[in-house]
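Please read this briefing alongside the sequence and the 3D view. It goes through the core, the pocket, the chain as a whole and a few backbone details.

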Amino acid sequence: PCQSQTSASSICLKPIDSMHSINIGKRSSPPSVSSSISGQRHSQQSFHVTMSSRVNLAIATVLGMFIGAALKTSFSTPYSLSGISKNSNEVKGSVKNLADIPHRPTSHIDTQGRPITKQQLLEPFVVPQFVGYSVATFKPGQNMMPVHEHESMHEFFFVLEGRGVIQIDDVDHNVEPGTFLHMAPKEKHGIWIPENETEDMKMAVCGVTVD
């Protein structure tokens, strides 16, 4: 039996003990549909975040592998003294002795029909715009005349042995071991060795194109 009633409702208030919860006239409602959907969305978002992190980690790992392989190849390529590496597009340094380099004729022929010879230490354009490095030999009485010029090349001479005359823009320069000459583009120059000289004149020759 009810012990008491309130004036506002007919809910029966029953004695309760400390071990039971209070139920006031109605059942507890089940979880709402909106709460269930919200939970599903949170679960999906967590899944997408986890997958995205894994994908990013995989991409970073693959990129790291490629970069590491490239760096290993770059730093582990052995230095070659042969001149050209196995990769034809890659230039390597070289070590040579002038005594081992044969003489070859140049395109310059003196008035007696004798070609001026050179020993080619570095072939033209192995290094871009660098027209090679050689040692030219002029014999007594030999000349490289008339004068000529280069449209777009700086040419450099350094006398190693002997004596001669080099003309640059109508000015004659007596040269000897230790003389350095720079001919800029379009500067007319020619070379000759007096017939009374007793030894050959040898010059280191190189050049750089500007176009």
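In this predicted model, the largest nonpolar core (a set of buried Ala, Val, Leu, Ile, Met, Phe, Trp, Tyr and Cys residues joined through side-chain atoms within 4.5 Å) has 16 residues, of which F138, F157, I166, L181, I191, M201 and M203 touch the most other members. Buried here means under 20% relative accessible area, exposed over 50%, and partly exposed in between, with a 1.4 Å probe and protein chains only. Residues are numbered from 1 along each chain as its sequence is written. Local features need pLDDT of at least 70 and side-chain atom pairs count only at pLDDT 80 or more, while totals for chains, interfaces and linings use all residues, and side-chain values use heavy atoms, with hydrogens and water left out.

**Core**
- At least two residues of this core come from each of β5, β7, β8 (164–168), β10 (180–183) and β12, with β12 giving the largest share, three residues; strands (E, at least two residues) and helices (H or I, at least four) are DSSP runs numbered from the N terminus.
- Apart from its neighbours within four places in sequence, L181 is in contact (heavy atoms within 4.5 Å) with E155, F156, F157, I166, I168 and V175.

**Largest pocket**
- The largest pocket is an open set of points on a 1 Å grid over the protein atoms alone, where a 1.4 Å probe fits, with protein on both sides within 12 Å along at least five of seven lines, and its volume, the space filled by probe spheres set on the points, is about 410 Å³.
- Its lining, meaning residues with an atom within 4 Å of a point, has 25 residues, and H108, K118, S134, E155 and V205 are the closest to the pocket's centre.
- Strand β5 gives the largest share of that lining, six residues.

**Whole chain**
- The protein chain has one helix and 12 strands, and the helix comes before the strands when the elements are followed from the N terminus.
- Of its 211 residues, 23% count as buried.

**Backbone details**
- Most residues other than glycine have a negative phi, and most peptide bonds are trans.
- The peptide bond from M145 to P146 is cis, with omega near 5°, and P146 lies in strand β6.
- F125, in the loop between β4 and β5, has a positive phi of about 65° and is partly exposed at 48% relative accessibility.
- Q129 is also found in the loop between β4 and β5, where its phi is near 70° and its relative accessible area is 41%, which counts as partly exposed.
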